[in-house]
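This report describes selected features of a protein model. The sequence and the structure are shown below, and the account then proceeds from a strand pairing to the helices and the loops.

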Amino acid sequence: MQTPLPAAGSKSSFWSSPREMVFASLSKLRIFPRKSSTGGPDVTAPSFSSSASSSSQQQMKKSPNSAGENTSKSKMKTTFDDEIDMKYRLFKQFDVVQDHSDHYYKFSKIKRLFPLQPTKDWVRWIQHEWKILENDLPETIYVRAYEERMDILRAVIVGPAGTPYHDGLFFFDIFFPPTYPQKPPEVYYRSGGLRINPNLYDSGRVCLSLLHTWSGEGCEKWIPYKSSMLQVLVSIQALVLNAKPFFNEPVYAEIKSTPDVEKRSLIYNEGAFVLSCRTMLYLVRNPPKHFGDFVAGHFRKHGGTILKACYAYMNGVQVGCTISQGINEVIESSKNFSASFQTSLKLLSKDLLREFTRKGADCSEFLALVEVKN
C-alpha cells in the first residue's frame, strides 16, 4: 500500500503546519523517535544536566581530604563516564529530531523556494532518501533529519583510517531544493573557518562533481532519479577525505609524481592533520545540536588513539600511517617532519589531552609523559 501524501498545491501552507504534513507523509517509515510523556523524543539514557554537574562538583569540594568524599567523587566520575559510553552506544545512525536553530539553511531560501506545499514527486523522493539513509549508511556516517523541515539534513562523517583526517569528525548541513532530484542537493561544510582540504573551503563550499560544484563527466555528475544523498556522503568520505588530498587540487591532479611532489604532498598532510586536530578541539568544546552525545563518546573512545598518533607524528612517523606501536617505539630513521609542524602539534596535543581526559578517555600514558617532562 502506498504511503499517503499531502495534496500538492492545497490552500494550507507547507510551512504553516509542517508537523502534520511530515507525520501524514512519513507515518509508515518507522523512523521517528518514540515520544515521551512530555512530547519530546524518548531519551533512553538518563540526562546529565550541567546544573547537576555543577552541584555535584560543589559538594565534592566541601571536604576533599575525606576518604568518604573521595570515594563519592570516584563513583560520580565512573557514573559520568558510563553515561557517556551508554549514550554513545545508543546513538542512532539515522534519526529525526526537532530543533534546527543552528542549521546553516534554517532561514535561507525557504519562503522564496517553497511558497506553497511541495510537489508529490518531491515529497516522495525525500521519503525515498530517508529510507535509504535509515537502512544503508556505513558505520562511519551519521545523519539527522528534521521533523518540521523535510528539506534539510545534517550529517557527520568520521575521517577514514590511513589519511590525515583519521578519527576526526566532519559536519555537513544539507538542503534539498524544490527541483530535487532533478538537481542535486546543496551541501555546506561546517568548517569553523578552516580549509582542511582543497575541496572543502573555509567558506563552507564543497567542491564535488556530483554536486555540480566542480567539473565532471558521466557518472561523476548528478543523475536525476539515480544519484542519491547517500552517494554524496560516501563520495565526500572516500574521494575528498583521502590519503593524499594535495592531489585533489586540479593543478596537481595530473602532475607526474616526483620526489619533490611527494614531499610537498607529505607537507600538505601535516597541515591537514593540524587543522583536523583544531577541528576536533572546537567540536569537543562546541558540538553541533543533537550530536553532543556522539561527539563526547567518539572522543572518549578514540582520544587515546588520536594522542598516540600526535606523539608518533612528532617523532617522525609519516602522517596517516596506522599507529600500532607504543609512543616510544617510533623508528628513529623515519623522522621526516617540519619544525613548524612539530611545534603546532605539541601545543595542540596538550589541549587535546586536557579535553579528552575530561570526556573520560584513557590518557594515562600521556598524562604520565607530561608529568615527567614537568
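Strands β3 (residues 149-158) and β4 run antiparallel and are joined by seven bridges. The model in which this pairing is found is a predicted one.

**The sheet**

Within the pairing of β3 and β4, I152 has F175 of β4 as its bridge partner, and V156 has F171 of β4. Strand β4 also pairs with β5 (residues 186-189), again in the antiparallel sense, over four bridges. Here I174 stands opposite V187 of β5. In general terms, strands of a sheet pair through backbone hydrogen bonds, in either a parallel or an antiparallel manner.

These pairings belong to an open sheet of five strands, ordered β1-β2-β3-β4-β5, in which the pairing is mixed. The edges are occupied by β1 (94-97) and β5, each with a single partner strand, so one side of each has no neighbour in the sheet. Ignoring direction, neighbouring strands of the sheet are turned against each other by 25° on average.

How many residues of strand β4 (residues 169-175) are buried? Seven of the seven are, so this strand is largely enclosed by the rest of the structure. Both of its faces are covered: one side carries the buried residues L169, F171, D173 and F175, while the other carries F170, F172 and I174, which are also buried.

**Helices α9 and α10**

Helix α10 (residues 339-358) has 20 residues and, at 1.5 Å a residue, should span 28 Å; its end C-alpha atoms lie 29 Å apart, which agrees with that expectation. Its buried residues are F341, L345, L348, S349, L352, L353, E355 and F356. Viewed down the axis of α10, the buried residues fall within an arc of 170°, so they line one face of the helix. An α-helix has 3.6 residues a turn, so residues three or four places apart point the same way. The face of α10 turned away from the buried side carries the exposed residues A339, L347 and R358. After α10 comes G360, which has a positive phi near 90°.

Helix α9 (residues 292-314) packs with α10 at an angle of about 160°, and the two axes are 10 Å apart. The two helices are therefore roughly antiparallel to each other, since the cut-off for that description is an angle over 145 degrees. Their crossing is left-handed.

**A buried tryptophan**

Residue W122 is located in helix α5 (residues 120-136). W122 has a relative accessible area of 0% and is buried. Although W122 and F176 are 54 residues apart along the chain, their C-alpha atoms are separated by 9.1 Å.

**Backbone features in the loops**

Most residues other than glycine have a negative phi, and most peptide bonds are trans. Two residues other than glycine with positive phi are listed below.

| Residue | Phi | Loop | Relative accessible area |
|---|---|---|---|
| Y225 | near 70° | between β5 and α6 (229-240) | 36%, partly exposed |
| H290 | near 75° | between α8 (259-285) and α9 | 29%, partly exposed |

A further backbone feature concerns the peptide bond from Y180 to P181, which is cis, with omega near 5°. P181 is placed in the loop between β4 and β5, the two strands that pair over four bridges.

Key: Residues numbered from 1 in each chain as written. Predicted model: local features only at pLDDT ≥ 70, side-chain atom pairs only at ≥ 80, totals over all residues. Heavy atoms only, no water. Expected span 1.5 Å × (residues − 1). Buried < 20%, exposed > 50% of the residue type's maximum accessible area, 1.4 Å probe, protein only. Arc of directions from axis to C-beta. Pairing = 2+ DSSP bridges. Axes fitted to C-alpha atoms, helices over the stretch in contact; angles between N-to-C directions. Parallel < 35°, antiparallel > 145°, perpendicular 65-115°, else oblique. Left-handed = near helix turned anticlockwise from the far one by under 90°.
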